[in-house]
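Got your viewer open? Load the model, switch to a cartoon view and keep the selection box handy. We'll go stop by stop.

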Amino acid sequence: MGRPIGEAGLILVKEFEGCRLKAYKPVSTEKYWTIGWGHYGPDVKEGQTITQAEADALLVKDCQRFADAVDDPRNCPLTAQLNANQRDALISFTFNCGAGNLRTLCSDRTLRQIRDAMALYTKAGGASLPGLIRRRAAEQKLWDAPVKEDSMDISKLTDADILQLVDRIQDVMGRRSVNGALASELEEAKTLGITDGTRPGALCTRAQAAVMTLRSTKK
């Protein structure tokens, strides 16, 4: 499973798709029917109904499919340069317009040109629709929104990144001094050779704890 849509993108999709538990056609000329949170395709039949849980499950599945499309360089050659909000904006666009239009939108365009060209996709059945105009504007607004740097996307971290992060946390903790009640015991343990006393505030592994315990029993 690929990287899921972000929270901002999911909110945008829900806002414009709405949720209807009975199959419908937003535009009479549409080839297929729509149901749930904008789920559209040959699997939706006229008169079909689903539960809210089924609608929510379809939304997760659809969002992932369109997120994977945006993450594919064959559809979006500049996908690696997208920040989180730009990616979410394109996922919403693809949810609404399809992967084919995503490829056309991103072909031979810079990021700025992709953002501006989104406004061209406001027609259905040959006529511009107010709802599509508002949606493209909302996607452009999300595209332009600064990304909060105080949050970390754990899904992007490699194993090496995680180990480095743990080491940094351990280092910060290790540099903390122990309180007065433990200082004398630490000094005594250093004298007995149980520990060298460095990084006194750090956690220890099971192996380190075992070694210190064994050393203490031999004193």
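Select Glu46 and show its side chain: this residue is exposed, with a relative accessible area of 61%. Here, exposed means over 50% relative accessible area, buried means under 20%, and partly exposed is in between (1.4 Å probe, protein chains only). Glu46 belongs to the loop between strand S3 (39-41) and helix H2 (52-71). Those labels come from DSSP runs, numbered from the N terminus: helices are H or I with at least four residues, strands are E with at least two. Now add Ala23 to your selection. Glu46 and Ala23 sit 23 residues apart in sequence, yet 5.9 Å apart in space, C-alpha to C-alpha.

A quick word on what you're looking at. The model is predicted, so local features need pLDDT of at least 70 and side-chain atom pairs count only at pLDDT 80 or more, while totals for chains, interfaces and linings use all residues. Residues are numbered from 1 along each chain as its sequence is written, and side-chain values use heavy atoms, with hydrogens and water left out.

**Next stop: the sheet**

Select residues 20-24, 33-36 and 39-41. You get an open sheet of three strands in the order S1-S2-S3, with antiparallel pairing. Strand S1 (20-24) and S3 are the edge strands, each pairing on one side only. From one strand to the next, the twist averages 15°. (Two strands pair if DSSP finds at least two bridges between them.)

How many bridges join S1 to strand S2? Two, and these strands run antiparallel. Click on Arg20 and you can look across to its bridge partner in S2, Gly36. Do likewise with Tyr24, whose partner in S2 is Thr34.

On the other side, three bridges join S2 to S3, also an antiparallel pair. Try Trp33 here: its bridge partner in S3 is Gly41. S2 and S3 form a hairpin with two residues between them, and Gly38 in the turn has a positive phi of about 70°.

**Next stop: two packed helices**

Hide the sheet and select helix H3 (residues 84-97) and helix H6 (residues 130-144). Two packed helices are described by the angle between their axes and the distance between the axes. For this pair, the angle is about 160° and the axes are 7 Å apart. Axes are lines fitted to C-alpha atoms, for helices over the stretch in contact, and angles run from 0 to 180 degrees between N-to-C directions. H3 and H6 are therefore roughly antiparallel to each other (over 145 degrees; under 35 is roughly parallel, 65 to 115 roughly perpendicular and the rest oblique).

Show side chains where they meet. Among the residues in contact are Asp88, Leu90 and Phe93 in H3, and Arg135, Glu139 and Trp143 in H6. Contact means heavy atoms within 4.5 Å. The residues of this contact divide into eight nonpolar, four polar and four charged. (Ala, Val, Leu, Ile, Met, Phe, Trp, Tyr, Cys and Pro count as nonpolar, Asp, Glu, Lys and Arg as charged, and the others, Gly among them, as polar.)

Stay in helix H3 and pick Gln86. Is Gln86 buried or exposed? Buried, at 12% relative accessibility. Leaving aside neighbours within four places in sequence, Gln86 is in contact with Gln81, Leu111 and Trp143.

**Last stop: zoom out**

Show everything again. The protein has nine helices and five strands, and buried residues make up 31% of its 219 residues.
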